[in-house]
Amino acid sequence: MAHADSFEIQLSDTAVTEAHDGRVLLIITPDGEKEPRFQVKQSYDAPQIFGVNVNSLQPGGAVEIGTGVLGFPAEDMKGVPAGDYYVQAVLHKYDTFNLSNGKTVKLPAARGAGQNWRLEPDNVISKPRKVSFDPEGSDTISISLNEVLPEIEEPQDTKYIRHFKIRSDKLSDFWGTDVFIRGHVLVPEGFDDHPEAEYPLIIFHGHFPADFGGFRTSPPDPDLECEYSERFDEPCYNRIEQQEAYDFYKKWTSDDFPRMLIVEIDHSNPYYDDSYAVNSANIGPYGDAITYEFVPALEEKFRGLGEGWSRFVYGGSTGGWEALAVQVKYPDEYNGAFAACPDPIDFRQFMLTDIYEEENAYYNFGPFGKVAKPGKRNYLGQVPYTVEMENRWELVLGDKTRSGAQWDVWEAVYSPNGDDGYPQRIWDKRTGEINHDVAEYWRENYDLRYILERDWAEIGPKLQGKIHIYTGDMDNFYLNNAVYLMEDFLNKTDPPYQGEVTYGDRDEHCWNGDPDLPNAVSRLRYNWMYVPKILKRIEDSAPDGADLESWRY
């Protein structure tokens with residue numbers, strides 16, 4: 001193996017027959033146990049990655065990655081120690097979109113993997129290989145992108161899980177191409193035997209669902225090979241997951257469980273694995289599309305009751321923010337939101353930054369020094385990466401807000417559209433310097449605490465009894481900080497909000513309201529843990545003449 005200090009990555013003319021736009025990623029790792037692409041993460045101990053854009057890369061054409069290309073964790077190829085490594089390259093393919101605002105952008109289309117560039121169909125990868133690298137060397141390592149990732153099969157209907165897809169006129173107009181929203185619908189026991197019944201609808205908001213999760217009609221596989229969960233320090237977490245899924249099936253089909261519809265929505269898009277379920281200058285009118293196109297069509301097909309009093313939303317993390325956001329922005333269309341560990345709901349604590357008053361998102365500055373802001377912690381406060389590190393990791397994965405990762409999706413959802421058609425930066429991705437004009441746009445449109453306080457006289461009466469927020473006080477991403485500020489406001493509302501805000505002592509992300517169980521278990525119980533509160537809300541708020549009987553067979 002030659003001692004090399006740069007890489008030439010070629011698009012194989014036997015694997016593809018047309019030019020590609022996109023982002024070429026190079027992964028370098030000492031770990032040969034699994035493919036390098038599946039090891040990529042944003043931690044201090046992550047594999048090394050580099051990324052460069054390609055425009056109309058022809059079959060047989062190549063791009064070079066070497067000194068001067070931004071990387072993570074090492075910022076430059078010169079910072080990668082000499083040694084033997086496993087390497088792999090990925091071409092994350094971009095499509096061209098002609099937006100309704102007249103601008104043209106190149107972005108990775110949603111192609112079935114939830115914006116997971118490691119698996120997205122039509123992306124092109126190289127086979128992993130072992131190389132000898134030396135930053136002081138003078139040779140070039142050649143890598144061939146020679147395998148096109150396959151299409152992903154659509155999930156199939158079962159007795160309890162049905163699949164539903166509509167073309168959204170609103171989103172198709174925005175993107176200049178056909179855009180679909182898919183739903184994975186859990187139908188109740190007896191759904192086909194009771195055509196006269198109409199049902200409440202529960203939306204489980206969250207990240208991209210390949211299918212409806214957490215539901216299993218058979219006991220755990222006795223031959224299951226255990227998988228360790230680093231997050232929960234559980235030696236056989238996949239068995240816990242299967243047992244909880246089976247227990248939910250038994251509850252769902254029991255005589256005393258209320259009959260209802262639960263849907264998980266696939267609204268993956270060119271910026272992220274979901275849309276945040278609100279209207280956005282960059283992602284499109286997903287809030288209106290879901291609320292006024294998708295939900296009514298779903299209720300018509302699956303015999304939903306079809307009125308705001310009969311619809312509820314819940315979710316955790318991204319889904320927690322979405323649940324609260326749609327309840328706030330569509331107060332008459334939903335009858336209760338259960339928001340667990342929500343993404344920042346007050347931008348005065350956008351994790352650890354007040355985007356209105358502070359000048360920098362990455363560092364706290366003193367007259368003679370600075371300290372980096374952490375991006376994550378465990379319950380002991382130990383930090384694997386900083387905010388700057390995570391943002392640089394995203395910038396390596398994709399410029400112009402195209403990483404498909406967390407900070408970039410907040411920017412894509414919340415920011416105004418830029419002159420070039422891409423989201424305006426909330427801060428300089430390299431320095432962390434905040435753009436306060438963009439921050440002001442964020443506040444007026446997406447800071448949920450600010451919007452509630454600004455508009456409470458109008459929407460407060462419509463939201464009484466509908467807001468429920470849960471978070472651990474040691475949330476890994478400091479999301480509890482914004483909840484404290486939201487609680488301060490809610491406790492003084494007039495009229496009173498009549499909901500709840502509760503905290504889990506020393507609980508991490510994503511505590512969802514059960515004081516007796518660890519996150520590892522309670523996170524698997526979203527689909528039934530709020531049911532008593534939903535039923536109580538229906539009992540207290542359903543209008544005269546509402547159907548409270550047909551779905552209680």
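**View 1. Strand β3 is mostly covered.** In this predicted model, seven of the ten residues of strand β3 (residues 48-57) are buried. On one flank, strand β2 (residues 20-29) runs antiparallel to β3, and eight bridges join the two. To find your place in this pairing, look for I28, whose bridge partner in β3 is Q48. Strand β5 (residues 71-72) also pairs with β3 in the antiparallel sense, here over two bridges. In that pairing, F50 has G71 of β5 as its bridge partner. If you are new to sheets, it helps to know that their strands pair through backbone hydrogen bonds, in either a parallel or an antiparallel way.

**View 2. A cis peptide bond joins F72 to P73.** Follow the chain to F72, and you arrive at a peptide bond to P73 that is cis, with omega near -5°. P73 itself sits in the loop between β5 and β6.

**View 3. Strand β15 is enclosed by the rest of the structure.** How many of the six residues of strand β15 (residues 261-266) are buried? Six of the six are, so the strand is largely enclosed by its surroundings. Notice how the side chains are shared out: L261, V263 and I265 point one way, while I262, E264 and D266 point the other way. Both groups are buried.

**View 4. β15 has a partner strand on either hand, β13 and β14.** With β13, the pairing of β15 is antiparallel and covers five bridges. Two places to look are H184, whose bridge partner in β15 is E264, and V185, which stands opposite V263. With strand β14 (residues 201-205), the pairing of β15 is parallel and covers three bridges. Here I202 stands opposite I262. Between these two strands, the chain travels from β14 through helix α2 (residues 237-252) to β15, making a right-handed β-α-β crossover.

**View 5. β15 belongs to an open sheet of eight strands.** Read across the sheet and you meet the strands in the order β12-β13-β15-β14-β18-β19-β22-β23, with mixed pairing. Which strands form the edges? They are β12 (161-167) and β23 (500-504), each of which pairs on one side only. Neighbouring strands in this sheet are turned against each other by 20° on average, direction ignored.

**View 6. The second largest pocket is lined by 28 residues.** The space in this pocket comes to about 670 Å³. Among its lining residues, A110, R111, G112, D266 and S268 lie nearest the centre. You have already met D266 as a buried residue of β15. The elements that give two or more residues to the lining are β6 (83-98) and β13 (180-186). Sorted by class, the lining holds 13 nonpolar, five polar and ten charged residues.

**View 7. The largest cavity is lined by eight named residues, from H92 to G404**. The model has one cavity of 30 Å³ or more, and the largest cavity has a volume of about 30 Å³. Its lining is made of H92, P108, Q115, W117, P270, R402, S403 and G404. By class, that gives three nonpolar, four polar and one charged residues.

**View 8. E358 and E433 are 9.1 Å apart in space.** That distance runs from C-alpha to C-alpha, and the two residues are 75 residues apart in sequence. E358 lies in the loop between β19 (337-340) and β20 (363-365). Is E358 buried or partly exposed? Its relative accessibility is 22%, so E358 counts as partly exposed.

**View 9. K400 and Y478 each have a positive phi.** K400 is not a glycine, yet its phi is about 50°. You can find K400 in the loop between α5 (387-397) and α6 (406-414). With a relative accessible area of 34%, K400 is partly exposed. Y478, another residue other than glycine, has a positive phi near 60°. Y478 is in the loop between β22 (467-472) and α9. Its relative accessibility is 8%, so Y478 counts as buried.

**View 10. A cis peptide bond joins D494 and P495**. For this bond, omega is about 5°. To locate P495, look in the loop between α9 (480-490) and β23. β23 is one of the edge strands of the sheet in View 5.

Definitions and conventions: Residues numbered from 1 in each chain as written. Predicted model: local features only at pLDDT ≥ 70, side-chain atom pairs only at ≥ 80, totals over all residues. Heavy atoms only, no water. 1 Å grid on protein atoms, 1.4 Å probe; cavity = no way out; pocket = protein on both sides within 12 Å on 5 of 7 lines; lining within 4 Å. Points joined across faces, edges and corners; volume = space filled by probe spheres on them. Helix = DSSP H or I, 4+ residues; strand = E, 2+ residues; numbered from the N terminus. Nonpolar A, V, L, I, M, F, W, Y, C, P; charged D, E, K, R; others polar. Buried < 20%, exposed > 50% of the residue type's maximum accessible area, 1.4 Å probe, protein only. Pairing = 2+ DSSP bridges. Right-handed = clockwise from strand over helix to strand, strands pointing away. Axes fitted to C-alpha atoms, helices over the stretch in contact; angles between N-to-C directions.
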